[in-house]
Amino acid sequence: MPNQNCIHCGSKSDAEKHLTQGELTTLGTSCARVNFKKGELIFREGNVATNIVYLTSGLVKIHMKGPVSDKILRLTKAPAYLGLPTTIGDKVNQYSATALSNSTACFISLDIFRDFIVQNSGFAYEIILDLCRNELTDYQRYTNLSQKQLPGRLAEILMCLSEKIFESNRFELPLSITELADFISSSRESVSRQLSEFAKSKIIKLSGRELEIVNTELLQMICMKG
DNA sequence: GCATTAACCACAG
DNA sequence: CTGTGGTTAATGC
């Protein structure tokens with residue numbers, strides 16, 4: 001595969017915008033762009049981490065194996081880095097990333113990436129910023145999810161999908177019922193029932209995977225009350 | 001006690 | 001994988 005031309009790439013991360021022409025050229029020699037189909041694994045928990053992965057298009061779930069079942073940690077929408085903590089923080093991936101839609105990701109050699117952090121403070125700062133923001137939203141989600149009952153937890157995820165991911169009241173559910181359960185730490189049966197409940201009380205409309213939030217105010221209420 | 005919540009199991013599409 | 005019904009354990013009036 002020929003080297004990527006990162007200099008003129010339109011999907012640079014905020015950090016990469018700080019790179020010099022020379023650094024971008026270096027980046028090009030060690031960056032490979034790969035397409036993934038919906039459902040394909042981008043990197044696997046337990047494998048050796050040798051690349052930084054930057055998602056340029058698509059939606060991805062970050063998940064790890066629990067003692068009982070899979071646990072979805074986070075949904076990540078492009079553009080975003082997928083595994084900075086697991087790639088830099090350990091030699092082996094602590095979690096997996098799976099494409100929820102057709103996606104494109106750049107694989108960047110860890111050595112090069114580390115050099116940029118050491119050499120370029122603007123680049124390093126953006127990376128730290130990214131990590132900090134993610135950590136904050138994760139803290140928020142986990143405190144929220146751990147203190148709400150099922151309706152509140154499900155409502156929160158639906159609101160999040162609607163507001164943050166799709167920016168619409170109407171969207172196709174990117175997660176199966178089982179995955180929703182893995183996300184909000186519940187059982188698939190409970191999620192299934194709760195979704196029907198929401199539909200029955202006209203808060204949402206669900207046909208197949210198509211979901212429409214009809215009564216946003218009420219869903220918001222349920223979300224906040226827990 | 002009684003009601004509520006939600007997990008677990010089993011079975012059927 | 002999803003939906004449903006029955007059962008059960010924990011928790012809160």
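These notes cover how the protein meets DNA strands B and C, and how helix 5 packs on helix 8.

1. Basis. The model is predicted; local features need pLDDT of at least 70 and side-chain atom pairs count only at pLDDT 80 or more, while totals for chains, interfaces and linings use all residues. Residues are numbered from 1 along each chain as its sequence is written, chains are lettered from A and ligands numbered from 1 in the order in which they are written, and side-chain values use heavy atoms, with hydrogens and water left out.

2. Surface near strand B. The residues around DNA strand B (near: a heavy atom within 4 Å) include Gln149, Leu150, Arg153, Ser187, Ser190 and Arg193. By class there are two nonpolar, four polar and four charged residues (nonpolar: Ala, Val, Leu, Ile, Met, Phe, Trp, Tyr, Cys and Pro; charged: Asp, Glu, Lys and Arg; polar: the others, Gly among them). Of the strand B atoms within 4 Å of the protein, 53% are sugar or phosphate and the rest belong to bases.

3. Phosphate contacts of strand B. Polar contacts are pairs of N or O atoms within 3.5 Å. A polar backbone atom of leucine 150 is 2.6 Å from a phosphate oxygen of DNA strand B. From the side chains, serine 190 places a polar atom 2.4 Å from a phosphate oxygen of this strand, and serine 187 has an N or O atom at 3.1 Å from one. Helix 5 (150-166) and helix 7 (188-200) each give two or more residues to this surface (helices: DSSP runs of H or I, at least four residues, numbered from the N terminus). Helix 7 has the largest share, four residues.

4. Strand C. Among the residues around DNA strand C are Ile177, Thr178, Arg188, Arg193 and Arg209. Here 32% of the strand atoms within 4 Å of the protein belong to sugar or phosphate, the rest to bases. A polar side-chain atom of arginine 193 is 3.0 Å from a base nitrogen of DNA strand C. Phosphate oxygens of the strand lie 3.0 Å from a backbone N or O atom of isoleucine 177 and 3.2 Å from a polar side-chain atom of arginine 209. Helix 6 (177-184) and helix 7 each supply two or more residues, with the largest share, four, from helix 7.

5. Helix 5 against helix 8. The axes of helix 5 and helix 8 (residues 216-225) come within 7 Å and cross at roughly 130 degrees (lines fitted to C-alpha atoms over the stretch in contact, angles from 0 to 180 degrees between N-to-C directions). Helix 5 is therefore oblique to helix 8 (under 35 degrees is roughly parallel, over 145 roughly antiparallel, 65 to 115 roughly perpendicular, the rest oblique). The contact (heavy atoms within 4.5 Å) includes Ala155, Leu158 and Met159 of helix 5 and Leu219, Ile222 and Cys223 of helix 8.

Conventions:
A polar contact is a pair of N or O atoms within 3.5 Å; within protein, one must be able to donate a hydrogen and the other to accept it, and residues adjacent in sequence count only if both atoms are side-chain atoms.
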